[in-house]
Amino acid sequence: MAWQLYGLDREAQQLVLQAKSRQPESLNQSYKMRLAVAYGLERFWGEHLRLQRSDGDKARYWKNTWDSLVKIMAQAGLKLPNDSVRADDTRAIQAMSEKLWQLDLADQRYALAVLTQLCDCLVWWTQRYKGKSTDADS
């Protein structure tokens, strides 16, 4: 088996920079994401739905992180579900949740291991970039 780079650190840096440019306060979600990993894929995925009604920027940060995980896992040969779902669409939520619960246990563990590392990278980059924005676009 050869060493394969999946660019987790680079992906995390881009996610943090995008979140910072939209709403610097949303970077606090990085720490919450890292904590949420312990609760599993379904709960991590579902968090963006909870935030859709209250804070679109934070919801987008969670969803973008999920999208990145899906892309990274696809490179590794593991297909994660990634349906487009709105918080008010209970049937779609149920369907997506079922897809996540039906993943093979080993695949869930692989995805969680990668998600853990991705979130660790998010926290690291957040610590470097957090603070007052000096961007002219704010």
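This passage describes the helices, a few buried residues and one pocket of a predicted model.

Residue numbers start from 1 along each chain as its sequence is written. As the model is predicted, local features need pLDDT of at least 70 and side-chain atom pairs count only at pLDDT 80 or more, whereas totals for chains, interfaces and linings use all residues; side-chain values rest on heavy atoms, with hydrogens and water left out.

A convenient place to begin is helix α6, which runs over residues 105–129 (helices are DSSP runs of H or I with at least four residues, numbered from the N terminus). The 25 residues of α6 should span 36 Å at 1.5 Å a residue, and its end C-alpha atoms are indeed 36 Å apart; the expected span is 1.5 Å times one less than the number of residues. At the start of the helix, a side-chain oxygen of Asp104 comes to within 3.0 Å of the backbone nitrogen of Ala106. This is a polar contact, that is, a pair of N or O atoms within 3.5 Å, where within protein one must be able to donate a hydrogen and the other to accept it, and residues adjacent in sequence count only if both atoms are side-chain atoms. After α6 comes Gly131, with a positive phi near 130°.

Buried residues of α6 include Gln108, Ala111, Leu115, Cys119 and Trp125 (buried means under 20% relative accessible area, exposed over 50% and partly exposed in between, with a 1.4 Å probe and protein chains only). Among the elements that cover the buried residues of α6 are α1, α2 (29–36), α3, α4 and α5 (90–101). Two residues of this helix show the packing in detail. Leu118 counts as buried because its relative accessibility is 0%. Setting aside residues up to four places away in sequence, Leu118 touches Leu8, Glu11, Ala12, Thr65, Ser68, Leu69 and Ile72, contact being heavy atoms within 4.5 Å. Leu118 and Ile72 are 46 residues apart along the chain, yet their C-alpha atoms are separated by 9.8 Å. Thr126, also found in α6, is buried, with a relative accessible area of 0%. Beyond its neighbours within four places in sequence, Thr126 contacts Val16, Leu27, Ser30, Tyr31 and Tyr61.

Helix α1 covers residues 8–22, and its 15 residues reach 21 Å from the first C-alpha to the last, close to the 21 Å expected. Its buried residues include Leu8, Glu11, Ala12 and Val16, and their cover includes α4 and α6.

In helix α3 (residues 41–52) sits His48, which is buried at a relative accessible area of 3%. The His48 side chain reaches the backbone oxygen of Trp45 at 2.5 Å. Outside its neighbours within four places in sequence, His48 is in contact with Ala59, Trp62, Lys63 and Val85.

Finally, the second largest pocket has a volume of about 220 Å³. On a 1 Å grid over the protein atoms alone, a pocket is an open set of points where a 1.4 Å probe fits, with protein on both sides within 12 Å along at least five of seven lines, and lining residues have an atom within 4 Å of a point. Points are joined across faces, edges and corners, and the volume is the space filled by probe spheres set on them. The lining includes Tyr6, Leu8, Ile72, Met73, Asp107 and Tyr110. Helix α6 gives the most to this lining, with 5 residues, while α4 (56–75) and α6 each supply at least two. By type, the lining residues divide into 9 nonpolar, 2 polar and 1 charged, where Ala, Val, Leu, Ile, Met, Phe, Trp, Tyr, Cys and Pro count as nonpolar, Asp, Glu, Lys and Arg as charged, and the others, Gly among them, as polar.
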